[in-house]
Amino acid sequence: MGRKIIAIDNGKMNMKGRYKDKRIVYQNKYSLGHTDDENLLGENTFNVTYRGLDFTVGANGKLSDKNEGKASDAHILQALVAITRFIRQNETDDLYIMYGESIDMYFDGEQKKLIKDKLEGKHNIVVNGKKYSFNIEQVQILPEGIGVILSDMENYGGIQYVADLGGGTFNFLKVVNGRPEAENSASFLLGVNNIASKVTREVKRKLGTGEYSLMLQYVTNRETCPSKEILKFIDHGIESQFREFDEKLAPLDINIHNILK
């Protein structure tokens, strides 16, 4: 029997996926109902119907699930849409999905069971007018950040440390021969969205203006920011975030600076 192994990074900011040499990256948002503007549909925005409900999924959506964890109905919907980017409409191969989860949620057995229960099995979904039917045979859940280790075990065997700054969480992993150590790994709600929120608040207080969507754009694409004054707030927000990351790791007796030495 044929099978396909698809890797999904269902991020708070971006959806990333890969099957063989094909990759996808687009903003990971959603809205209730279909968009009426067909010009928005294409490689990064999709009109979706799933279980009798209509959604817009992708870059031109309006909503984002910012809570920690990738088991919400919104995340499952987003994952299924991403999977359709790699398969035929009537897919006959069983699908095996590699699915990233924040480190604390990865060590939560109930959370992993919830993801598997929602994703494994048969699905029917309509994306941009095309009906897809497929079966997910197995979901392998992995801690976010470990991909860099598993993709090159020859060079990253033994003890390795990974700091993974995402949209919603900042993950820290101690990995021994490809396996994360629970007692020396943790995730914190200190992602890029958090930086953008703090910068937005400071800019509004000090300059009397500032929108979250713009601040998020400036944080992730610095060259698009037209204001040197706002860039100073962004630099301060990033530095403060990393200092807070240090402070969060300290009670775990983890000192990144000593590790780097």
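## Contacts around I125

Contact here means heavy atoms within 4.5 Å. With that in hand, take I125 in this predicted model. Setting aside residues up to four places away in sequence, I125 touches V48, T49 and Y50. Further along the chain, the list takes in L77, L80, V81 and T84, and it ends with K130, K131, Y132 and F134.

## Two nonpolar cores

I125 also shows up in the bigger picture: the largest nonpolar core has 43 residues, and I83 and I125 have the most contacts inside it. Which helix gives the most to this core? That's α1, residues 73–84, with eight residues. As general background, nonpolar side chains tend to be buried together in soluble globular proteins.

There's a second core too, separate from that one and made of 15 residues. Among its members are V203, M215, L231 and F233.

## Strand β1 and its partners

Strand β1 spans residues 3–10 and has two faces. K4, I6, I8 and N10 sit on the covered face, while R3, I5, A7 and D9 are on the uncovered one. That every-other-residue pattern is easy to read, because side chains in a regular strand alternate between the two faces of the sheet.

On the pairing side, β1 runs parallel to β7 (residues 94–101), and six bridges join the two. If you want a spot to check the register, I8 stands opposite Y99 in β7.

How does β1 run relative to β2, parallel or antiparallel? Antiparallel: four bridges join β1 to β2, which covers residues 14–19. Here D9 stands opposite K16. The two strands form a hairpin, with three residues between them.

## H75, a buried histidine

Back in helix α1, we find H75. Its relative accessible area is 1%, so H75 counts as buried, the cut-off being under 20%. Leaving out neighbours within four places in sequence, H75 is in contact with N10, K12, D65, G69, K70 and Y99. Two of those names have come up already: N10 belongs to the covered face of β1, and Y99 is the β7 residue opposite I8.

## Q160 in strand β10

Finally, a look at Q160, which lies in strand β10, residues 159–165. What does the side chain of Q160 reach at 3.2 Å? The backbone oxygen of G157. Not counting residues up to four places away in sequence, Q160 also touches I149, N155, L173, K174 and V175.

Definitions and conventions
Residues numbered from 1 in each chain as written. Predicted model: local features only at pLDDT ≥ 70, side-chain atom pairs only at ≥ 80, totals over all residues. Heavy atoms only, no water. Core = buried A, V, L, I, M, F, W, Y, C linked by side-chain atoms within 4.5 Å. Buried < 20%, exposed > 50% of the residue type's maximum accessible area, 1.4 Å probe, protein only. Pairing = 2+ DSSP bridges. Polar contact = N/O pair within 3.5 Å; in protein donor to acceptor, adjacent residues only side chain to side chain.
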